[in-house]
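Please find below my notes on this model, set out as numbered points for your consideration. They begin with backbone geometry and then turn to packing.

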Amino acid sequence: GVSSILASKSLERNGGGKLISVDNDDKYCKITRNRICLENLSDIANIITSELIMQNINGQNYMWYEMSFIEGINQKIDLLIIDGPPRITNKYARYPAIPLLKDFFSEDIIILVDDGKRKDDMKSVNKWIDESNCFQSEFVNTEKGAFILRNNY
């Protein structure tokens with residue numbers, strides 16, 4: 001919820017943009033929605049509960065978010081923060097984000113990946129780079145680590 005509040009506040013200060021935050025935990029989403037409301041950010045942020053379902057990517061199965069939230073996206077994604085689903089969901093739980101959302105990316109997409117010190121997330125980042133052949137990455141040595149991915153174009 002903290003990253004959703006910070007991103008929404010940033011959008012508010014910059015005078016534009018929308019935030020769509022997706023989580024599989026409805027209790028957590030309700031807490032974040034309430035906080036968004038208290039901060040008067042409801043016109044900027046949409047907090048969506050989406051169940052985890054089986055997604056097949058290149059012959060591999062992953063539990064990832066049910067994708068109907070995509071219907072609410074009416075512009076290209078400029079910033080993607082990957083901070084879910086939880087690691088206990090399955091190995092490489094965050095990997096599906098880029099293969100499933102890449103058609104919605106702007107040319108200037110910036111992707112932030114939280115928990116970059118975890119081996120699964122490091123391997124997912126390397127796999128995205130290898131598969132796309134268009135991302136450069138930067139590691140930020142925070143408490144849990146983070147990656148910043150940018151297009152090479």
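1. Tyr 92 is partly exposed, with a relative accessible area of 24%, and its place is in the loop between β5 and α3. Please bear in mind, here and below, that this is a predicted model. The backbone at Tyr 92 deserves a look, since phi is near 55°, a positive value in a residue other than glycine.

2. The loop between β5 and α3 also holds Pro 85, and the peptide bond that leads from Gly 84 into Pro 85 is cis, with omega near 0°.

3. A positive phi is found at Asp 115 too, near 60°, again in a residue other than glycine; the place of Asp 115 is in the loop between β6 and α4. Is Asp 115 buried or exposed? With a relative accessible area of 7%, Asp 115 falls under the 20% cut-off and is therefore counted as buried.

4. Turning to the helices, α1 (residues 2-14) and α2 (residues 26-38) pack at an angle of about 30°, and their axes lie 10 Å apart. Because angles under 35 degrees count as roughly parallel, α1 and α2 are described as roughly parallel to each other. The crossing of α1 and α2 is right-handed.

5. Which residues make the contact between α1 and α2? From α1 come Ser 4, Ile 5 and Ser 8, while α2 supplies Thr 32, Arg 35 and Ile 36. Sorted by class, the contact of α1 with α2 comprises two nonpolar residues, three polar residues and one charged residue.

6. The largest nonpolar core has 27 residues, and those with the most contacts inside it are Phe 105 and Ile 111. At least two residues of this core are supplied by each of β3 (52-57), β4 (60-65), β5 (77-82), α3 (97-101), β6 (105-114), α4 (119-132) and β8 (146-151). The element that gives the most to this core is β6, with four residues.

7. What does Phe 105 touch, once residues up to four places away in sequence are not counted? Its partners are Lys 76, Ile 77, Leu 80, Ile 98, Ile 111 and Phe 135. Ile 111, one of these partners, is also named with Phe 105 as having the most contacts inside the largest nonpolar core.

8. Apart from the largest nonpolar core lies another core, of nine residues, including Ile 5, Cys 29, Leu 41 and Ile 44. Ile 5 thus deserves attention in two places because, besides belonging to this other core, Ile 5 takes part in the contact of α1 with α2.

Terms used:
Residues are numbered from 1 along each chain as its sequence is written. This is a predicted model: local features need pLDDT of at least 70, side-chain atom pairs count only at pLDDT 80 or more; totals for chains, interfaces and linings use all residues. Side-chain values use heavy atoms; hydrogens and water are left out. Axes are lines fitted to C-alpha atoms, for helices over the stretch in contact, and angles run from 0 to 180 degrees between N-to-C directions. Angles under 35 degrees count as roughly parallel, over 145 as roughly antiparallel, 65 to 115 as roughly perpendicular and the rest as oblique. A crossing is left-handed if the near helix is turned anticlockwise from the far one by less than a right angle, and right-handed if clockwise. Contact means heavy atoms within 4.5 Å. Ala, Val, Leu, Ile, Met, Phe, Trp, Tyr, Cys and Pro count as nonpolar, Asp, Glu, Lys and Arg as charged, and the others, Gly among them, as polar. A nonpolar core is a set of buried Ala, Val, Leu, Ile, Met, Phe, Trp, Tyr and Cys residues joined through side-chain atoms within 4.5 Å. Buried means under 20% relative accessible area, exposed over 50%, partly exposed in between (1.4 Å probe, protein chains only).
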